[in-house]
Structure formats: structure tokens, C-alpha cells
Amino acid sequence: MRNIPVNLQGHKLMITEAPTLKMFENDRGVSEVVTDRQGVQQFVVSLFAKRKAQPGEFAGKGEEIKVTLTADPGEGFEEGAYVELIDATVSYWERNGRSGLSFRAHGMTPVGAQVSAAA
């Protein structure tokens, strides 16, 4: 299954590495910017995700995740800032005997910011 919507509202998401252009190494060993099928540059951000504990509960351990952003997140997303993801999805992948989950989102907003609807 691909691009399964994921609800992370019950988690705190803190930036551990600020957003940067997503890169890959081509067959010649040269780094190139990752783009989607329409040629739009992709970005990547590292987040520490930890469940929000309810009063009297233990929150447990968190985990660092890398999230591919399908649009430029803009300025002001620095290490240590708390954010919310916009339209987050998760996909399972398997390649060369390895497997895992990949996270994607259309963008992110600072915690408490209002997301404006497109006109």
C-alpha cells in the first residue's frame, strides 16, 4: 500500500535537522536534487516524534523520522521548533532485502499556526 494517510495529532514533532533539498547520488557518483514527476524539487526534514502523554500517563520513547516534503517549506523552520505536518502519508517500501516506512507531507506549519484554505 502506498500513501496511507497518517494522523500525528497525538504526537509532538520537533525539528532535529532543518529542511534541506532532498539529494541522491546518481550512477556517476554525482549528487542531484530529487524532483517529482512534474520536476518540482523535494525537501527533507528530520523530526523527533513523541506521543503526547495524558495526565498520569507515561509518554514512552520517541523516534526520529525523516519526512519528504513535496513543496518548499519556506523560512523559519529551525532546529528545536515544534511543527505540524500538512497531509502526512506513510508508505511501506522494500528493496534489496531491506524494508521500512517512508513519510511524506505536503508541507508543515509551526505548532499553533492556522493553515489557510486555498482559494
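Let's start with one residue: lysine 50 sits in strand S5. Strands here are DSSP runs of E with at least two residues, helices are runs of H or I with at least four, and both are numbered from the N terminus. Keep in mind that this is a predicted model, where local features need pLDDT of at least 70, side-chain atom pairs count only at pLDDT 80 or more, and totals for chains, interfaces and linings use all residues. Residue numbers run from 1 along each chain as its sequence is written, and side-chain values use heavy atoms, with hydrogens and water left out.

## Around lysine 50

How exposed is lysine 50? Lysine 50 counts as partly exposed because its relative accessibility is 28%, and that label covers the range between buried (under 20% relative accessible area) and exposed (over 50%), using a 1.4 Å probe and protein chains only. If you skip its neighbours within four places in sequence, lysine 50 is in contact with Gly10, His11, Lys12, Ala59, Gly60 and Gly62. Contact means heavy atoms within 4.5 Å.

One of those partners, lysine 12, belongs to strand S2, which covers residues 11-21. Lysine 12 has its own set of contacts beyond four places in sequence: Phe48, Ala49, Lys50, Lys52 and Tyr82. Lysine 52 is on that list, and you'll find lysine 52 in the loop between strand S5 (43-51) and S6. Looking from its side, and again leaving out residues up to four places away, lysine 52 touches Gln9, Gly10, His11 and Lys12.

## Sequence gaps and distances in space

Two residues can be many positions apart in the chain, so what happens to their C-alpha atoms in space? Here are four pairs to look up in the model.

| Pair | Apart in sequence | C-alpha to C-alpha |
|---|---|---|
| Lysine 12 and lysine 50 | 38 residues | 5.3 Å |
| Lysine 52 and lysine 12 | 40 residues | 6.2 Å |
| Asparagine 3 and threonine 89 | 86 residues | 5.0 Å |
| Lysine 50 and asparagine 26 | 24 residues | 34 Å |

Asparagine 3 lies in the segment before strand S1 (4-5). With residues up to four places away set aside, asparagine 3 touches Thr89, Val90, Ser91 and Arg104. Its relative accessibility is 41%, so asparagine 3 counts as partly exposed. Lysine 12 gets that label because its relative accessible area is 38%, and lysine 52 gets it because its value is 39%.

## Two loop residues with positive phi

Which backbone angle stands out at aspartate 87? Its phi is near 50°, a positive value in a residue other than glycine. Aspartate 87 is placed in the loop between strand S7 (82-86) and S8, and it counts as exposed because its relative accessibility is 54%.

Asparagine 96 isn't a glycine, yet it has a positive phi of about 50°. Its home is the loop between S8 and S9. With a relative accessible area of 75%, asparagine 96 is therefore called exposed.

## The whole protein

Now zoom out. How many helices and strands does the protein have? The count is zero helices and ten strands. The C-alpha atoms fill a box of roughly 55 × 40 × 25 Å along the principal axes. Of the 119 residues, 29% count as buried. Among contacts with a separation of 6 or more, 57% come from residues 24 or more positions apart.

About 8,600 Å² of the protein is exposed, with carbon and sulfur atoms supplying 50% of that area; the areas come from the Shrake-Rupley method with a 1.4 Å probe, and for residues only the protein chains shown count as cover.

## The largest pocket

Rolling a probe the size of a water molecule over the atoms shows where empty space is left. The largest pocket holds about 660 Å³ of space. Its lining has 21 residues, and the closest to its centre are Arg2, Lys22, Thr68, Ser102 and Arg104. Strand S6 (63-69), strand S8 (89-95) and strand S9 (98-105) are the elements that give two or more residues to this lining. S9 gives the largest share, four residues.

A pocket, on a 1 Å grid over the protein atoms alone, is an open set of points where a 1.4 Å probe fits, with protein on both sides within 12 Å along at least five of seven lines, and lining residues have an atom within 4 Å of a point. Grid points are joined across faces, edges and corners, and the volume is the space filled by probe spheres set on the points.
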